[in-house]
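Work through these exercises with the sequence and the 3D view side by side. Try each task before you read its solution.

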Amino acid sequence: MKVLIINSGSSSLKFQLLDFAANVVMMQGLCERIGIDNSRIQFQRFDEERIRHNRDFVDHEDAVKAMVEVLTSPQYGVIEDLNEIKAIGHRVVHGGEQFAEPVIVSEEVKASIREAFLWGPLHNPANLLGIEVCERLMAGIPQVAVFDTAFHQTMPREAYLYALPYNLYEEHGIRRYGFHGTSHKYVSERAADICGIPLEQSRIIVCHLGNGSSLCAVKNGKSVDTTMGLTPLAGLPMGTRCGDVDPAIPAFIAGVEDCSLQEIDNMMNKRSGVLGISGISSDFRDLAAAAEKGHARAKLALDVFRYSLKKYIGAYAAVLGGVDILVFTAGIGENDDDLRRQLCDELGYLGIELDEYHNCGLRGEEKIISTKKSKVKVVVVPTNEELSIAQQTVSLLGFKDE
Ligand code: ADP
């Protein structure tokens, strides 16, 4: 069964066509710079070389048309007819409190996604646009929306409520929502499986560490707390985002630097995090290389990141009443063996014992990296949000694997 996964952003559209039963990515691609000059589509069939075509995309409709042409092209295509696609799964960033599960797209669902523009102003409009264009150009194929926030809807009130006047929650929905939910769900399920621990009796901490980073405390398969908040700015320091800071700081900066709230928001999202501290890069590979050569602030940025990670893991161990599995995923989590080693050394008090033989050099591969004696299993699980969206889409539509 062929399932198409769409991740539509403001100026880009990522797609992946999966042969679901065979677990094979038939084609993946990216339409870039939609509505900007030099737009292009890149795509890759199975394990073949990536192909890039320059092409003018005035809007998302143009981009979806280009995707359809490539998927069905006699030269590069992987299907003859669009009717071979049995379902389309769309990534939608913000589902508010409305969506705790994936849903089949309908007029009401689209209206709710529109209502959630308030909380996801950067992503939801582009996500909805992708859905609407696919509805027009691929009419008749069922479409499913899978929300980044949905997995975290199981958080208890004490975990999601901010200590602000209660009417702000009631009237404007100001609360913790959390993000990366599709990844946290997929990775926690895989980790339990790999470790042979029943998911419904497990205490798992997932560290999703990429350009954007978040932790999730997963109890018996359900999210009970996560580090991101109303927006993805909260929690750990990230590549360019500041993470948790004293909430009085924006007002303070507005006074001393004479800048607007908009400018401060931009600075906290784009010029902070490890880039802000180091002054050189948001990329952890650059920082590690610079720190090795003696760049003090690059080392400081890495230390601040690891410290925050350690602090939250301790907090989530308390939330969960102990930890069975600690999981690392995403660009940094999957690849940075130095960070995993240093962190696990510092977490020895939890009964964590890393097996350096398995950790050292491990990049992007599913593996248990703790010793047999370790009280907490430590695992690396490459995240696969597209596969998870496809699984949720197929399961919602009640299709059998074929
Ligand atoms: P995104 O949030 O954009 O999906 P990724 O999950 O791709 O991000 O993660 C990107 C981050 O992963 C970058 O900061 C990059 O430095 C980091 N990364 C990739 N490979 C390595 C590596 N070998 N060691 C350390 N960090 C790495």
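## Exercise 1: A helix and its length

Helix α11 has 25 residues, and its first and last C-alpha atoms are 36 Å apart, close to the 36 Å expected at 1.5 Å a residue. Keep in mind that this is a predicted model.

**Task.** Find the buried residues of α11, and state the sign of phi at Gly-321, just after the helix.

**Solution.**
1. Go along α11 and mark Ala-298, Ala-301, Leu-302, Phe-305, Arg-306, Ser-308, Leu-309, Tyr-312, Ile-313, Tyr-316, Ala-317 and Leu-320 as buried.
2. Step past the end of α11. Gly-321 has a positive phi of about 70°.

## Exercise 2: A second helix check

**Task.** Why does the span of helix α6 agree with its residue count?

**Solution.**
1. Locate α6 at residues 181-195, which makes 15 residues.
2. The expected span is 1.5 Å times one less than the number of residues.
3. For α6 that rule gives 21 Å, and the end C-alpha atoms are 21 Å apart, so the two agree.
4. Now look at burial. The buried residues of α6 include His-184, Tyr-186, Val-187 and Cys-195.
5. Check what follows α6. Gly-196 comes next, with a positive phi near 70°.

## Exercise 3: One residue inside, one outside

**Task.** Are Ala-298 and Glu-49 buried or exposed?

**Solution.**
1. The cut-offs are under 20% relative accessible area for buried and over 50% for exposed.
2. Ala-298 lies in helix α11. Its relative accessible area is 0%, so Ala-298 is buried.
3. List the contacts of Ala-298, leaving aside neighbours within four places in sequence. They are Ser-278, Ile-280, Leu-287, Ala-290 and Ala-291.
4. Take Ser-278 from that list. Ser-278 and Ala-298 are 20 residues apart in sequence, yet 4.6 Å apart in space, C-alpha to C-alpha.
5. Turn to Glu-49, in the loop between β4 (40-45) and β5. Its relative accessibility is 68%, so Glu-49 counts as exposed.
6. Not counting residues up to four places away in sequence, Glu-49 touches Phe-43 and Gln-44.

## Exercise 4: Tracing two sheets

**Task.** In what order do the strands of the open sheet of 8 strands lie, and which are its edge strands? Then do the open sheet of 6 strands.

**Solution.**
1. Recall how strands join. Strands of a sheet pair through backbone hydrogen bonds, either parallel or antiparallel.
2. The sheet of 8 strands reads β5-β4-β3-β2-β1-β6-β8-β7, with mixed pairing. Its edges are β5 (50-54) and β7 (103-104), each pairing on one side only.
3. Pick one pair in this sheet. β2 (residues 13-19) and β3 (residues 24-32) run antiparallel, joined by 7 bridges. Leu-18 stands opposite Val-25 in β3.
4. Add a helix. α15 (residues 385-397) lies across β1, β2, β6, β7 and β8, at about 120° to β6.
5. The sheet of 6 strands reads β11-β10-β9-β12-β14-β13, again with mixed pairing. Its edge strands are β11 (222-226) and β13.
6. Start at the β11 edge. β10 and β11 pair in the antiparallel sense over 4 bridges, and Lys-219 has Lys-222 in β11 as its bridge partner.
7. Next, β12 and β14 run parallel, with 4 bridges. Leu-326 stands opposite Val-378 in β14.
8. Finish at the other edge. β13 (residues 367-368) pairs with β14 in the antiparallel sense over 2 bridges. Here Lys-367 stands opposite Val-380.
9. Lay a helix on this sheet too. α13 crosses β9, β12 and β14, running at about 155° to β12.

## Exercise 5: Cores and domains

**Task.** Which element supplies the largest share of the largest nonpolar core?

**Solution.**
1. This core has 36 residues. Those touching the most other members are Ile-205, Cys-207, Leu-209, Leu-215, Leu-309, Ile-313 and Leu-326.
2. Several elements each supply at least two residues, among them β9, β10, α10 and α13.
3. The largest share, 10 residues, comes from α11.
4. Another core lies apart, with 28 residues, including Ile-6, Phe-57, Ala-63 and Val-133.
5. Zoom out. The chain is divided into domain 1 (2-147) and domain 2 (197-385). Their centres, taken over C-alpha atoms, are 29 Å apart.

Definitions and conventions:
Residues are numbered from 1 along each chain as its sequence is written. This is a predicted model: local features need pLDDT of at least 70, side-chain atom pairs count only at pLDDT 80 or more; totals for chains, interfaces and linings use all residues. Side-chain values use heavy atoms; hydrogens and water are left out. Two strands pair if DSSP finds at least two bridges between them. Contact means heavy atoms within 4.5 Å. Axes are lines fitted to C-alpha atoms, for helices over the stretch in contact, and angles run from 0 to 180 degrees between N-to-C directions. A nonpolar core is a set of buried Ala, Val, Leu, Ile, Met, Phe, Trp, Tyr and Cys residues joined through side-chain atoms within 4.5 Å. Buried means under 20% relative accessible area, exposed over 50%, partly exposed in between (1.4 Å probe, protein chains only). Domain bounds come from an automatic or database domain assignment.
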